[in-house]
Amino acid sequence: MSGGTFVGMPSFPKAAHEAVNNKTLRGNLRHATHTIRAKRANAVAEVSDWAELREAGKQIKDHTLRHLDRYLVQLEESVTAAGGTVHWAADADEANRIVTYLVKATGESEVVKVKSMATQEIGLNEALEAEGINAYETDLAELIVQLGKDRPSHILVPAIHRNRGEIRDIFAREMSEWGRPAPEGLTDTPAELAEAARVHLREKFLRAKVGVSGANFMVAETGTLVVVESEGNGRMCLTLPETLISVVGIEKIVPAWQDLEVFLQTLPRSSTAERMNPYTSTWTGTTDEDGPQTFHLVLIDNGRTDTLADEVGRQALRCIRCSACLNVCPVYERAGGHAYGSVYPGPIGAILSPQLRGTQSEIDASLPYASSLCGACYDVCPVAIDIPEVLVHLRERVVEGGVVTRDGAKVVLKPAKGHAAERAAMRAARWAFGHPGALRTGQRFASRTRRFHPRTLPGPGKAWSETRALPTVPAEPFRDWWQRTHGGKDASK
Amino acid sequence: MSSRDLILARVRRAIADVPRDDTPYDQAFERGYLREHGDRSVEQTVDLLAENLADYRARVHRCDADGLAETIARLLAERGSTSVVTPTGLDPEWLAAADVTRVPDRLDSTPAELDRVDSVVTACAVAIAETGTIVLDGGPDQGRRRITLVPDHHICVVRVPGQVVSSVPQGLERLDPARPLTWISGPSATSDIELDRVEGVHGPRTLEVVLVSGE
């Protein structure tokens, strides 16, 4: 996944450590997540059939995943029939090679991009740059991130960790490097900053010959692609260039045109808390005289079929990238998006990234633990992904190992490092519960020595007990008390 | 093995647990949600459209067919527009009262030329009341997607009540997926800076919707 930026990420607790001590970041995040959380609740309350829409969205996506092979073939046929060309990429490298080749074939050395999680996931910008092609991000937040030589930290609002003052400074300092400089005396009002972005990017839009996009949905029946956005940068990238290259994960399919009626109601309300986002574009292959005359669709796997093979974890592929789960998550609110070490931060990232990439790295093995399991993410998810269920499932995989699918093949995972104490404790518990005599002796010994028990644990348990009170041992084990009192009957006499 | 075959083979292995006679599409899920929200008269539906458009900062105007040319002329004059791009199939009567240079939507015009035009006037394909959305489908009276994108001022004429539906499901039913569609709900906007909504980034910063009755 994602090029060089996330390689060698430390585990989530280490990465989050710095973030939780950064007051500006915590303030920015708290303000942003609380704002959108309240707005979203209002937007959802406006529709009386939310529960039914959510259920339908879940069922449509599940049905699609259960028959994904058939729908992929159907999509390929309908896109091709509409004048597009379909390419298949098994992993990030292959997808990057295909896109690079397609751009080079146009003879161009720059492309305009509409924000796309899939191209971030595969590190497309870096791959293009290595081949001498400049990729310009045109979503305002993505522009802020790109100019700030930063990484996105939120699915919907990638620059959520920046406040207006920081954005002003980035624009004033960096815009001239990339094209039209920021105007003199730029202030930090959002309207002025948006205007600066408009002027800066317009010259790029007007000359662009190649556009690169993702897609929110692909309709198998008709070959239609859908992009949902607000600013109009999407429309610019999808309309003005001569060549359009869309890079889309294979899970983004819906079977039929009518199915969009569910998601076009749930996605805007869940993501930006609007009845409808300002702009939605749909296109089916190419159209005579309107828009790009060459259209390429690059379908990427990159770990999705491995995720699909896991019967518990596959529900993560229902995700429509609305980001509602990020905005309600108490862990995300404090740790920020960067700590997740992935383009998919927050609760969905905590289950998606370790499945797409496998749980072998330090960061991926730690992500299933980046949660309090409070369940708020499940409540707000418009396609009802049971994120806590998948988190627990992945924790089990990290600790116990077991059979998983990687790159299409079944492999047996060893238990991850760093959980030795946990496993030893569980093994000891299993043995003790299977030997009642030993358990009784142990409990009595613990009760009699209770005055000498330490307040914190030694060794690997030290960090755990630093922030938690250890349970106190009663003066008499429960089983002795029961024996003595016949379950409290004596006491009532 | 090609990547296509590789991916399809992986998908098939991954879903080997799915029974062959799994429920087909048309029985796979309940569409238990509503076809429209609430019970409104035709007039109320048009009012809701106007209200929701305005809520997302579109400027809404109403007139009858006889007053349309004058309304459009007034809006262009108020804006100080001197040039207007027009789709090839736009009713010429609509601009009859306006003192502006008409720039026809030409195939060989460049985006830069379009950028120098003040306004665009189009019709629409359908309007959705519950979400405050107008949809363009590239029909002759709407033109290519680019003409409603590059100019900073868009006047869109909606015939009421004929072109108005209540809900997203009803809107989709009326649209042809083979055509390139643009759904517009208010002017271009961003909430990327501290989630403060700002109208106007790359698309038209001013959207005026004229609800014209009696056509």
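The exercises below, with worked solutions, concern a predicted model.

**Exercise 1.** Determine in which sense strands β11 and β12 of chain A pair, and describe what joins them.

Solution.
- Locate the strands: β11 of chain A covers residues 402–406, and β12 of chain A covers residues 409–413.
- Read the pairing: five bridges connect the two strands, and the sense is antiparallel.
- Take one bridge as an example: A:Arg406 has A:Ala409 in β12(A) as its partner.
- Inspect the link: two residues lie between β11(A) and β12(A), and the strands form a hairpin.
- Check the backbone of the turn: A:Asp407 has a positive phi of about 50°.

**Exercise 2.** Compare the radius of gyration of chain B with that of a compact globule of 215 residues.

Solution.
- Start from the reference: for 215 residues, a compact globule would have a radius of gyration near 17 Å.
- Set the model against it: the value for chain B is 21 Å.
- Add the extents: the C-alpha trace of chain B spans about 70 × 45 × 40 Å along its principal axes.

**Exercise 3.** Describe the make-up, burial and contacts of chain B.

Solution.
- Count the elements: chain B has six helices and twelve strands.
- Apply the burial cut-off of under 20% relative accessible area: 58% of the 215 residues of chain B are buried.
- Consider contacts in chain B between residues at least 6 apart in sequence: 72% of these join residues at least 24 apart.

**Exercise 4.** Characterise the surface and charges of chain B.

Solution.
- Take the area: chain B exposes about 9,000 Å², of which carbon and sulfur atoms supply 45%.
- Count the charged side chains: 24 are positive and 36 negative in chain B.
- Locate the two sets: their centres lie 8 Å apart.

Methods: Residues numbered from 1 in each chain as written. Chains lettered and ligands numbered in written order. Predicted model: local features only at pLDDT ≥ 70, side-chain atom pairs only at ≥ 80, totals over all residues. Heavy atoms only, no water. Pairing = 2+ DSSP bridges. Helix = DSSP H or I, 4+ residues; strand = E, 2+ residues; numbered from the N terminus. Rg over C-alpha atoms; globule rule 2.2 N^0.38 Å. Buried < 20%, exposed > 50% of the residue type's maximum accessible area, 1.4 Å probe, protein only. Contact = heavy atoms within 4.5 Å. Areas by Shrake-Rupley, 256 points an atom, 1.4 Å probe, with all protein chains shown as cover. Lys, Arg positive; Asp, Glu negative; His and termini not counted. Charge placed at Lys NZ, Arg CZ, Asp CG, Glu CD.
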